[in-house]
Amino acid sequence: MKVNTMAKMMAKGETADVLFWVGCAGSFDDRAKKITRAFVKILNHVGINFAVLGTEESCTGDPAKRAGNEFLFQMQAMGNIQVLNGYEVKKIVTTCPHCFNTLKNEYPSLGGEYEVMHHTQFLQQLINEGKLTVEGGVFKGKKITFHDPCYLGRANDVYEAPRALVEKLDAELVEMKRCKSKGLCCGAGGAQMFKEAEPGNKEINVERTEEAIETKADIVAVGCPFCMTMMTDGVKTKNKEEDLKVFDLSELIAQANDL
């Protein structure tokens, strides 16, 4: 797989049109790495001139900010902004809604002004421009339900792009009873991913998985690495691994196109 770093491109006197912000999960979590690879395969397939920061990329600071450590967040953000501005980055695309929300909404006030897109928006744009064609193929007639990530849906009002991608797969989109602006969190947002559960009689991700099972869908489509972890764990808790698969939308499109 061909992936350039910004540093290598700069050394050759070249620039990238798009910076792919991989994020911590996409870099280190084994399951989320598959999402990163699927998205890169699509970018290469379409011929997008993109690059990553590689080792120069640091956490956006989202978990620190959500957990209340504003000082740490600003330190992390300023470091990233220095690097991004050094490469004169204009456009960023990321597979993580947490990175998307932080880069898009929190960075401008600290001097980091970029056009930031979530990968579902970027993929929809490629399809609309005719650069990417998707044949349903393996997913034709399958029932797919989409779990809205909080930081993509409620925080940024992006509901249409992910659903348009599901429909492009010739699949039947079935909605959970709580969806779009009424969507239920997977239980990992706001830095909850990194702390122990609080007292209660049911985990949030189990509750959300039950709603997915109710739709009788074959696949839960997600657009966030944290949601991926929580929904996969929920499906395992319910012993439904054979009946209900969890995939990121980029994985579904890569599979449909045999990439």
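Here a colleague asks a modeller how some labels on this predicted model were reached.

Colleague: Let's start with charges. How many salt bridges does a search of the whole structure find?

Modeller: The search comes up with 19 salt bridges.

Colleague: Why is the contact between Lys 91 and Glu 115 called a salt bridge?

Modeller: The N to O distance is 4.0 Å. The cut-off is a Lys or Arg side-chain nitrogen within 4 Å of a carboxyl oxygen of Asp or Glu, so the label applies. Lys 91 sits in strand S4 (residues 91-94) and Glu 115 in strand S5 (residues 115-118), so the pair ties together parts 24 residues apart in sequence.

Colleague: What makes Lys 91 buried or exposed?

Modeller: Its relative accessibility is 17%, and buried means under 20%, so Lys 91 is buried. Glu 115 has a relative accessible area of 43%; that lies between 20% and 50%, so Glu 115 is partly exposed.

Colleague: What about Glu 175 and Arg 163: what makes that a salt bridge?

Modeller: Their side chains meet at 2.6 Å, N to O, and the cut-off is within 4 Å, so the pair counts. The two are twelve residues apart, with Glu 175 in the loop between strand S7 (172-173) and helix H9 (204-214), and Arg 163 in helix H8 (residues 160-168). Arg 163 is at 6% relative accessibility and therefore counts as buried, whereas Glu 175, at 30%, is partly exposed.

Colleague: Which residues are linked with Lys 202 in a network of salt bridges?

Modeller: The network links Arg 178, Lys 202, Glu 207, Arg 208, Glu 210, Glu 211 and Lys 238. One of its pairs is Lys 202 with Glu 207, where the closest N and O atoms are 3.3 Å apart. Lys 202 is partly exposed at 40%, and Glu 207 is partly exposed at 29%.

Colleague: On to the cysteines. How many disulfides does the count come to?

Modeller: Zero.

Colleague: How do you know that Cys 59 is too far from Cys 24 for a bond?

Modeller: The sulfur of Cys 59 is 3.9 Å from the one in Cys 24, its closest cysteine sulfur. A disulfide needs the sulfur atoms within 2.5 Å, so this pair is out. Cys 59 is buried, by the way, at 18%.

Colleague: And why is there no bond between Cys 99 and Cys 96?

Modeller: The closest cysteine sulfur to that of Cys 99 is in Cys 96, 3.8 Å away, which is too far for a bond. Cys 99 also counts as buried, at 7% relative accessibility.

Notes
Residues numbered from 1 in each chain as written. Predicted model: local features only at pLDDT ≥ 70, side-chain atom pairs only at ≥ 80, totals over all residues. Heavy atoms only, no water. Helix = DSSP H or I, 4+ residues; strand = E, 2+ residues; numbered from the N terminus. Buried < 20%, exposed > 50% of the residue type's maximum accessible area, 1.4 Å probe, protein only.
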